[in-house]
Amino acid sequence: MLISERMSANYQYLLVFSTAVLLYSNTFSADFVYDDSQAILTNPVVAGDVPATEAWTLDFWGNPLTRASHKSYRPLTTLSFRINAALFGMSPLSFHVTNVLLHAVASCLVLKFVCRFQLFEQNPDAAVFTSLLFAVHPIHCEAVAGIVGRADVLAAVTVLAGILAFDQKENIVLATVLAALAMCFKETGIMLLPLLVVFMLLNPKKNSSDLRRSISGFVLAFIFLATLRHAINSFEPPRFSKSDNPVAHHPSALVRTLTFLYLPIFHLKLMIYPKYLSFDWSMDSIPLVRTPTDSRFLASAAFYAVLLVTGWKLARESGVLEKTWKLLRVDKHSHRVGRHSGKNSPTKTRKGECQNAARKILLALSLIILPFLPASNLICYIGFVAAERTLYLSSVGYCILAGLLYDFCCPRLGRTLTVSLAFLALTLHGTRTYTRNMDWMDEESLYKSALELNPPKAYSNLGRVYAAQLRLNDAEAAYKMALEHRPNMADTWYNLGVLYQERKNLTSAVKCYETAVKLRKTFATAYLNLGIVHHENGDDQEAATIWEKCSRIDGSTVKAQREHQQAQTSCRLRLGKLLIQKKELQRARNILEEAIHAAPRSYPFLASLWFSLGELYDALGQDVKAEAAFQAALQTSPEHIPSLLTMGHLKNRQNRTSESNSWFSRALTVSPNSPEVHHHIGMAAASRGDVAGAESAYINALELAGTHLESLRALATLLREQGRYDKSEQVLRTLQTHHPSSESYGDYGAILHLNGKLQKAKEFYEKSLQLDSKNNLVKENLRKLERKMASARLT
């Protein structure tokens, strides 16, 4: 290495920055994966569906901060996503480039940090090694290659910048503001304040009295920010499912305690040996520690014992214990600075060297431990058992320890051997990072990488990917593998039901949906699809019962609020339309008005909902309310064709032909090649006696779609009413050829009857009755035909 001896500080920063960028450049072609979908693609703030200020009222996933929310409040991170989307669109490239650049900045801040605090003043190579190790460490892949990990990167950047700023300015207000900003990137940013307390104790620049005041200020600031953060959550703890954090839901306090005490060791193992990494450590991917005789707990107990003993010795040697004791007792001479208390540089004495080394190690340990505490489940339960991205800031301390080891080995093993070992470590870490980035390239590769570590979650998500790729057999196999490992996954049962429904295997779909709602009573989307399947099976009563049950679910504790509310609204919409068909208009009105009131702003079918309500009012004869509902639909979606057409018909019935034509013209402008639009124009013209206009419109519709059912039927009727039987026969011949049914055969038989083609007419009457023996009109026409044919034979 020896690079620091031959290059200026600027080149050192350039080396660290470029290493970070080049190593993660293979993520530039990566897609949105896993949590990116909810935090970015469907987040209304990021998509621009709501004002940017809404970021301050919604959680990280775009849901209201209600009881059901994850309570992940990271408005500045969400706004950074919105800036990406506003400047470069929803292409994943700009999001990934931003993440990589931020990681490069963080790596440079690590270099700045170790240089500012002179952690390696005798060996500048160690500073470069520390920052390079941070730049290439594989534990950062989730935070950098996964776009939602930006929250951890931004929080780390702000915390490091905050420590550096305080070291220069020593301004508590500035430090508090930076901690608040870091909190708005991610909650762990609040740990900037405890870190600054540790830094003041390890690098005393003030006398005891001033130091006591500064620490008291930080304690008050910490309490204020923590209280404010809890106030944003309405002082309610977040709620998480058992699959997200099975340890927190375990009934045994002993099992919870033993497992949570093991988890920090598990995370440390990931940093030291980052070979086995996973996008998700939920469910049973980390087995519970059930008894104190479990080897993992014994190892944890030994580790904590060593850590406590080592920490105590380091605190004594560094002088932190003595300093802390002075702060706790009132000393009338505390305003005086001791002879040696103001010296930060290591002395040439053995004692001074030991004190300086102890402070450096304590500094590194505090950087490892303090940022990890909020994610440890030891203070409060959170929404996961383990997550690699939470180690992003903690890894700064780990890399500093590695740098101290490098500095220790140089004079003992020789610089050449130490540099060679360091280069090997950087190469191995960099290679693992590069290959791990490839796992984050797309969802299929990401989920496949975790099949051995978390099979139920990986197979379930992989099945969803296969289904999106229309690899339905692979999707079915993946879902079944996931359920074999963990049968109680409601989402997987639901996804398998969707697959069966698409394959028209409705019996199996019903079983899957019923299992899903049995496992999760509030699963609104499963209720919606279960009702749809029953409706497709012709069981409208069961469908109505299921949709009504869905509409009454209390969703206050549902995690995915937006999806839940949309599914409930769809249940109400479908129920309302079904009730309209059954002529239960008052009940339909109550359901649809309730749907309008409860529909979220992001509901994708809001125009259809208003349109259905307008149709209901129209059926009730309430023209004013109907028109207002149609106008509301068009306000929601100005190009909503059904509303445009219905407004045209409404004005036509009111004999306001000019306004009617204006609405139909708007529909034609939106969809000039739609046979439906031309057909409705023909219907309106026919209703007001404009035969030529109606015929022209029907012909236009058939030019666009020669087999358009309604237009063929309407044109044939129009021609027959004008006595143009031959032309009507041609149209009805096309109709029965492309749309064979009892009705089309009967109509064709009737026109043949009128045209005197009696034998052929009889054949089509009989074909019609074969399909529907209860068609009384065809029966009557056939009897008339037979009497006519008998009369002709007699004559």
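Buried residues account for 52% of the 795 residues in this protein, and keep in mind that what you're looking at is a predicted model. On the outside, the protein exposes about 36,600 Å², with carbon and sulfur atoms supplying 58% of that area. As for charge, there are 87 positive and 68 negative side chains, and the centres of the two sets sit 8 Å apart.

Now for the overall build. The secondary structure is easy to sum up: 38 helices and zero strands. The radius of gyration comes out at 36 Å, whereas a compact globule of 795 residues would be near 28 Å. Lined up along the principal axes, the C-alpha atoms fill a box of roughly 140 × 55 × 50 Å. Of the contacts with a separation of 6 or more, 65% join residues that are 24 or more positions apart.

How is the chain divided up? The domain assignment gives domain 1 as 9-327 + 355-438, domain 2 as 454-512, domain 3 as 673-739 and domain 4 as 742-794. Domain 3 and domain 4 have their C-alpha centres 23 Å apart. Eleven residues from domain 3 and eleven residues from domain 4 take part in the contact between them.

A few single residues are worth a look while you have the structure open. Here are two with a positive phi:

| Residue | Phi | Loop |
|---|---|---|
| Asn-377 | near 70° | between helix H16 (350-372) and helix H17 (394-413) |
| Lys-504 | about 65° | between helix H22 (490-502) and helix H23 (506-519) |

Neither of these is a glycine. Buried or exposed, where does Asn-377 fall? Asn-377 has 4% relative accessibility, so it counts as buried, the cut-off being under 20%. Lys-504, in its own loop between H22 and H23, counts as exposed because its relative accessibility is 62%, and exposed means over 50%.

Ser-420 is the next stop, and you'll find it in helix H18, which covers residues 415-439. Why does Ser-420 count as partly exposed? Its relative accessibility is 42%, so Ser-420 lands in between the two cut-offs. To get a feel for distance, try going from Ser-420 to Pro-672: they are 252 residues apart along the chain, and their C-alpha atoms are separated by 72 Å.

Technical notes: Residues are numbered from 1 along each chain as its sequence is written. This is a predicted model: local features need pLDDT of at least 70, side-chain atom pairs count only at pLDDT 80 or more; totals for chains, interfaces and linings use all residues. Side-chain values use heavy atoms; hydrogens and water are left out. Helices (H or I, at least four residues) and strands (E, at least two) are DSSP runs, numbered from the N terminus. The radius of gyration is taken over C-alpha atoms; the globule rule is 2.2 Å times the number of residues to the power 0.38. Buried means under 20% relative accessible area, exposed over 50%, partly exposed in between (1.4 Å probe, protein chains only). Contact means heavy atoms within 4.5 Å. Accessible areas come from the Shrake-Rupley method with a 1.4 Å probe; for residues, only the protein chains shown count as cover. Lys and Arg count as positive and Asp and Glu as negative; His and the chain ends are not counted. The place of a charge is taken as NZ of Lys, CZ of Arg, CG of Asp or CD of Glu. Domain bounds come from an automatic or database domain assignment.
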